[in-house]
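Biologist: Could you walk me through this model, one question at a time?

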Amino acid sequence: MKTPKRIQPLVEEGLVDEVLRQLMSGKEATVYVVRCGEEIRCAKVYKEASQRSFKQAASYQEGRKVKNSRQARAMEKGTRYGRKMQEEVWQNAEVDALYKLAAAGVKVPRPYICFEGVLLMDLVTDADGNAAPRLNDVELSRELALDYHAQLLRQVVLMLCAGVIHGDLSEFNILVDAEGPVIIDLPQAIDAASNTEAASMLERDVSNLASYFGQFAPELNGTQFGKEIWNLYIAGELTPDSPLTGHVAADTRPVNVEEVMQEIESAIMEEKERLRRLSEMSGT
């Protein structure tokens with residue numbers, strides 16, 4: 001096929017020899033199957049911010065580090081340079097997360113380079129060498145659903161032990177290779193220690209898994225693995241081999257109404273500030 005304009009710089013640099021076909025187009029990127037010498041890989045071409053349908057970007061960017069204070073100020077003000085830096089941070093987040101998670105033993109595609117807004121990485125394949133299907137396209141029995149759910153819970157735990165939360169985990173960004181689930185799409189990955197919404201994002205990720213697999217294995221519905229994992233994490237007791245039950249003891253302590261109201265007011269103020277920054281960034 002004709003080489004897409006965004007991939008042409010990689011061809012010119014000798015990083016890609018040929019674009020074979022488009023693999024998929026999603027809310028944040030278009031992915032192509034490419035040939036690099038004798039290797040078949042994939043090239044993820046990130047969409048411009050104005051073309052992405054991914055929402056709530058500000059929540060995911062909290063706690064991300066930039067190179068210097070000038071870049072931080074530019075991103076805060078939403079200048080053209082700041083928006084460019086914000087895009088680089090968004091894209092580099094996936095590269096950094098992939099390297100970190102691969103080193104931690106999480107099943108993710110191996111990255112090679114991110115160049116001019118294009119991430120070059122391994123193509124995840126099935127037993128026949130074809131592009132691996134997404135989880136939502138795989139037929140599941142109850143036994144296989146329980147097996148995949150257990151595998152993915154372990155991946156979530158491994159990720160959290162490495163300080164990373166996916167933030168958008170669902171059946172649509174999990175591939176199934178010859179050995180089981182592989183987690184993909186990590187530009188929105190967050191740092192568990194520096195993002196104030198880390199707990200809710202982890203619980204949502206895990207809840208998404210329970211909801212999907214619960215269609216095939218109803219006993220997963222109503223489980224509380226997310227809360228259990230987070231409680232172990234904040235207690236400093238989470239390890240890759242932590243036994244999980246899916247149940248959390250009810251908190252019987254009396255509610256401090258004043259503290260709850262303060263938290264609500266704080267959340268309202270944070271949301272107003274977030275909306276103000278978004279408004280400034282969009283120029284409205």
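**Patch, salt bridges and helix packing**

Modeller: Val-257 has a relative accessibility of 56%, so Val-257 counts as exposed (over 50% is exposed, under 20% buried, in between partly exposed, with a 1.4 Å probe and protein chains only). Keep in mind that this is a predicted model, where local features need pLDDT of at least 70, side-chain atom pairs count only at pLDDT 80 or more, and totals for chains, interfaces and linings use all residues. Residues are numbered from 1 along each chain as its sequence is written, and side-chain values use heavy atoms, leaving out hydrogens and water.

Biologist: Which helix is Val-257 found in?

Modeller: Helices here are DSSP runs of H or I with at least four residues, strands are E runs of at least two, and both are numbered from the N terminus. The run that covers residues 257–282 includes Val-257, and that is helix α8.

Biologist: How much accessible area does the nonpolar patch on the surface have together?

Modeller: Val-257 is joined there by Val-260, Met-261, Ile-264 and Ile-268. Patch members have over 30% relative accessible area and no salt bridge; like charges are joined within 9 Å, and nonpolar side chains (Val, Leu, Ile, Met, Phe, Trp, Tyr) within 5 Å. With Shrake-Rupley areas and a 1.4 Å probe, where only the protein chains shown count as cover, the patch comes to about 420 Å².

Biologist: How many residues apart in sequence are the parts that Lys-44 and Glu-94 tie together?

Modeller: Their side chains meet in a salt bridge at 3.0 Å, N to O (a Lys or Arg side-chain nitrogen within 4 Å of an Asp or Glu carboxyl oxygen). Lys-44 sits in strand β3 and Glu-94 in helix α4, so the parts tied together are 50 residues apart.

Biologist: Is Asp-177, the salt-bridge partner of Lys-107, buried or exposed?

Modeller: The Lys-107 and Asp-177 side chains meet at 3.1 Å, N to O. Lys-107 counts as partly exposed at 22% relative accessibility. Asp-177 has a relative accessible area of 17%, so Asp-177 is buried.

Biologist: Is α5 roughly parallel or oblique to α7?

Modeller: The α5 and α7 axes are 11 Å apart, at an angle of about 30°; axes are lines fitted to C-alpha atoms, for helices over the stretch in contact, and angles run from 0 to 180 degrees between N-to-C directions. Under 35 degrees counts as roughly parallel, over 145 as roughly antiparallel, 65 to 115 as roughly perpendicular, and the rest as oblique. So α5 and α7 are roughly parallel.
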